[in-house]
Amino acid sequence: LDFVWAECVLCVDCVAIGLVESLLALLSAMLSPAEHANALLDAARVERVFLYCLIWSIGGVVEQKERPKVDLHLRTASDTFPKLKSSETVFDYRLTSNAQTWETWSTFVPPFKAPAKDMTEALSSLFVPTADSTRTQLLLDLYVSRGRPAMLVGARGVGKSTDMAQMLHRQDATIITTRMLAITSSSTPFSLQQKIEGMLEKRQGRTFGPLGTKQLVLSIDDF
């Protein structure tokens, strides 16, 4: 944390406690399957899980061009990473499901599924998975699974809204209500509050929640 704070340029202003909380949320999500299975992980696998979460929490807020600094710092501190090619960094790798080995993100990209109907479907509605989209959506799923907020930062047109829409689409509709709100130039704090309150119902006292007994996953676009 001190290294990133002192040596790197961040893509968004952060506070230290927020980064630590992000790290712990990812760590909790990654260790949850082992906890539910009552499995005991060896020290080497716990170290790999911790480093992976460190990369995508505290390391995830640095600018793209600053990533080689974080890469060198982490690989100097730990020998658990695989031997990388000269053009690769630790950001190009993720853990396998059992946390035994590191694999490149490209190996986890699902195949593109062409639409079953004819190809008159608008090209803008097609989604072609990439290593970047696969990585973003997996991390979003981890945060959502722990009920934690996440923020995507990037230039216009890089696919942030599409990644969010894909994540919302994967939620279990029987227990989760999903909504996506778009912020425009005419939006005000009051209008945003009204829209959010319109998705909720009063349960008791000052407690509000989504209709029925469901949970609500809300995406706010172009914030």
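Thr 80 sits in the loop between α4 and β1, in a model that is predicted. With a relative accessibility of 15%, Thr 80 counts as buried. Beyond its neighbours within four places in sequence, Thr 80 touches Glu 47, Arg 48, Leu 51 and Trp 102. Two of these contacts, Arg 48 and Leu 51, are themselves among the buried residues of helix α3, and Trp 102 belongs to a cluster of aromatic rings. The points below start from that helix and work outward.

**Helix α3**

- Helix α3 covers residues 43-56, and its 14 residues should span 20 Å at 1.5 Å a residue. The C-alpha atoms at its two ends are 20 Å apart, so the expected and the actual span agree.
- At the start of α3, Asp 42 offers a side-chain oxygen that comes within 3.0 Å of the backbone nitrogen of Ala 44.
- Which residues of α3 are buried? They are Arg 45, Arg 48, Val 49, Leu 51, Tyr 52, Cys 53, Leu 54, Ile 55 and Trp 56.
- The cover over those buried residues includes three helices, namely α2 (16-36), α4 (67-77) and α5 (131-145), along with the strands β1 (93-95) and β2 (102-104).

**The loop leading into α3**

- Asn 38 is located in the loop between α2 and α3.
- Most residues other than glycine have a negative phi. Asn 38 has a positive one, near 55 degrees, although it is not a glycine.
- Is Asn 38 buried or exposed? Its relative accessibility is 73%, so Asn 38 counts as exposed.

**Aromatic rings**

- Across the whole structure, a search turns up 5 aromatic pairs.
- One of them joins Trp 56 and Trp 105 in an edge-to-face arrangement, with the centres 6.4 Å apart and 85 degrees between the planes.
- Trp 56 belongs to helix α3 and Trp 105 to the loop between β2 and α5, so this pair ties together parts that are 49 residues apart in sequence.
- Both partners are buried: the relative accessible area is 10% for Trp 56 and 1% for Trp 105.
- Ring pairs also build a cluster, made up of Tyr 52, Trp 56, Phe 81, Phe 91, Trp 102 and Trp 105. Tyr 52 and Trp 56 are on the list of buried residues in α3.
- A charged side chain meets a ring as well: Arg 94 lies over the face of Phe 108, 3.9 Å from the ring centre.

**Helix α5**

- Helix α5 has 15 residues and reaches 21 Å from its first C-alpha to its last, close to the 21 Å expected at 1.5 Å a residue.
- Its buried residues are Ser 133, Thr 134, Arg 135, Gln 137, Leu 139, Leu 140, Leu 142 and Tyr 143.
- What do the buried residues of α5 pack against? Their partners are α2, α3 and α6.
- After α5 comes Gly 147, which has a positive phi near 70 degrees.

**Salt bridges**

- How many salt bridges are there? The count is 6.
- Arg 148 and Glu 21 form one of them, with their closest N and O atoms 2.2 Å apart. This pair links distant parts of the chain, as Arg 148 is in the loop between α5 and α6 (160-169) and Glu 21 is in helix α2, 127 residues apart.
- Arg 148 has a relative accessible area of 33%, and Glu 21 has one of 39%. Arg 148 is therefore partly exposed, and so is Glu 21.
- Another salt bridge brings together Asp 141 and Arg 170, whose closest N and O atoms are 3.0 Å apart. Here too the pair links distant parts of the chain, since Asp 141 is in helix α5 and Arg 170 is in the loop between α6 and β3 (176-182), 29 residues apart.
- Asp 141 is partly exposed at 29% relative accessibility, and Arg 170 is partly exposed with a relative accessible area of 37%.
- Lys 69 and Glu 66 also meet through their side chains in a salt bridge, at 3.1 Å from N to O. Lys 69 counts as partly exposed at 38% relative accessibility, whereas Glu 66 is buried, with a relative accessible area of 7%.

Terms used. Residues are numbered from 1 along each chain as its sequence is written. This is a predicted model: local features need pLDDT of at least 70, side-chain atom pairs count only at pLDDT 80 or more; totals for chains, interfaces and linings use all residues. Side-chain values use heavy atoms; hydrogens and water are left out. Helices (H or I, at least four residues) and strands (E, at least two) are DSSP runs, numbered from the N terminus. The expected span of a helix is 1.5 Å times one less than its number of residues. Buried means under 20% relative accessible area, exposed over 50%, partly exposed in between (1.4 Å probe, protein chains only). Contact means heavy atoms within 4.5 Å. A polar contact is a pair of N or O atoms within 3.5 Å; within protein, one must be able to donate a hydrogen and the other to accept it, and residues adjacent in sequence count only if both atoms are side-chain atoms. A salt bridge is a side-chain nitrogen of Lys or Arg within 4 Å of a carboxyl oxygen of Asp or Glu. Rings of Phe, Tyr and Trp (its six-membered ring) pair if their centres lie within 6.5 Å; planes under 30 degrees apart count as stacked, over 60 as edge-to-face and the rest as tilted. A charge sits over a ring if NZ of Lys or CZ of Arg is within 6 Å of the ring centre and within 35 degrees of the ring normal.
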